Amino acid sequence: MNPPAVEDRGFHLFAHGLLRDADSERAPLMVGARRVAEATVAGTLYDIDGDFPALMLYGTTPVEGTVWHFPNAARLEQLDSYEGVERGLYRRVAVEAGGLPCWVYVAGPALARQLTPERRLAHGVWR
């Protein structure tokens with residue numbers, strides 16, 4: 001799959017955890033973003049100490065999330081920083097969600113030891 005277009009038209013993000021809702025703590029990251037749809041991707045979702053989820057794109061469980069549209073690519077750098085991409089917490093990869101090409105953050109190598117069977121969320125929803 002080709003990565004989502006990152007142009008002047010912006011990009012889509014599939015959010016399955018803390019970025020699903022534009023609450024007050026994360027509001028600065030979501031400025032200008034528009035909720036497009038609720039959608040699912042196939043994968044396996046893990047609960048990391050009740051603090052945040054970690055998605056792996058293997059398995060067939062429908063993982064629920066929200067598709068957001070961001071109007072410009074400049075926000076990607078801020079989102080990468082928030083998700084700890086440089087620290088290896090997450091990686092940004094391309095998926096299709098709700099029929100749209102989207103970016104999504106999946107578990108990075110720093111979370112590998114925490115992706116254990118007892119942390120798996122069989123229902124595909126983190127809240």
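The largest nonpolar core of this predicted model holds 21 residues, and among these L13, A54, F70 and L79 touch the most other members. Two or more residues of this core come from each of β1, α1 (27–30), β2 (34–48), β3, α2 (75–82) and β5 (100–107), and the element that gives the most is β3, with 4 residues. A second core of 15 residues lies apart from the one just described, and V67, C102, V104 and W126 are among its members.

F70 offers a useful place from which to look into the first of these cores. Once residues up to four places away in sequence are set aside, F70 touches R9, G10, F11, L13, L29, M30, A33, R75 and L79. Two of these partners, L13 and L79, are named together with F70 among the residues that touch the most other members of the largest nonpolar core.

From here the reader can step back to the chain as a whole. The protein chain has 2 helices and 6 strands, and, read from the N terminus on, these elements follow the order β-α-β-β-α-β-β-β. The C-alpha trace spans about 40 × 30 × 25 Å along its principal axes. A compact globule of 127 residues would have a radius of gyration near 14 Å, and because the protein chain has 14 Å, its value agrees with that expectation. Of the 127 residues in the protein chain, 46% are buried. As for how the chain meets itself, among contacts between residues at least 6 apart in sequence, 69% join residues that are at least 24 apart.

The structure also has pockets to consider. The largest pocket contains about 260 Å³ of space, and of the 16 residues that line this pocket, L18, F52, Y82, E83 and Y90 are the closest to its centre. Both β1 (11–15) and β3 (52–70) supply at least two residues of the lining, with β1 giving the most, namely 3 residues. By residue class, the lining of the largest pocket divides into 11 nonpolar, 3 polar and 2 charged residues.

F52, one of the residues closest to the centre of the largest pocket, leads on to L111, which is in contact with F52, A54, G88, L89 and Y90 when its neighbours within four places in sequence are left aside. L111 is found in the loop between β5 and β6 (120–121), and this residue counts as buried because its relative accessible area is 1%, under the cut-off of 20%. The C-alpha atoms of L111 and L89 are separated by 5.8 Å, although these two residues stand 22 residues apart along the chain.

Two further residues show other degrees of exposure. Q78 has its place in helix α2 and is partly exposed, with a relative accessible area of 41%; its C-alpha atom is separated by 7.1 Å from that of L29, which is 49 residues away along the chain. D49, by contrast, counts as exposed, because its relative accessibility of 53% is over the cut-off of 50%. The place of D49 is in the loop between β2 and β3, and its backbone has a positive phi of about 55° although the residue is not a glycine. Most residues other than glycine have a negative phi.

Technical notes:
Residues are numbered from 1 along each chain as its sequence is written. This is a predicted model: local features need pLDDT of at least 70, side-chain atom pairs count only at pLDDT 80 or more; totals for chains, interfaces and linings use all residues. Side-chain values use heavy atoms; hydrogens and water are left out. On a 1 Å grid over the protein atoms alone, a cavity is a set of points where a 1.4 Å probe fits but cannot get out, and a pocket is an open set with protein on both sides within 12 Å along at least five of seven lines; lining residues have an atom within 4 Å of a point. Grid points are joined across faces, edges and corners, and a volume is the space filled by probe spheres set on the points. Ala, Val, Leu, Ile, Met, Phe, Trp, Tyr, Cys and Pro count as nonpolar, Asp, Glu, Lys and Arg as charged, and the others, Gly among them, as polar. A nonpolar core is a set of buried Ala, Val, Leu, Ile, Met, Phe, Trp, Tyr and Cys residues joined through side-chain atoms within 4.5 Å. Buried means under 20% relative accessible area, exposed over 50%, partly exposed in between (1.4 Å probe, protein chains only). Contact means heavy atoms within 4.5 Å. The radius of gyration is taken over C-alpha atoms; the globule rule is 2.2 Å times the number of residues to the power 0.38.
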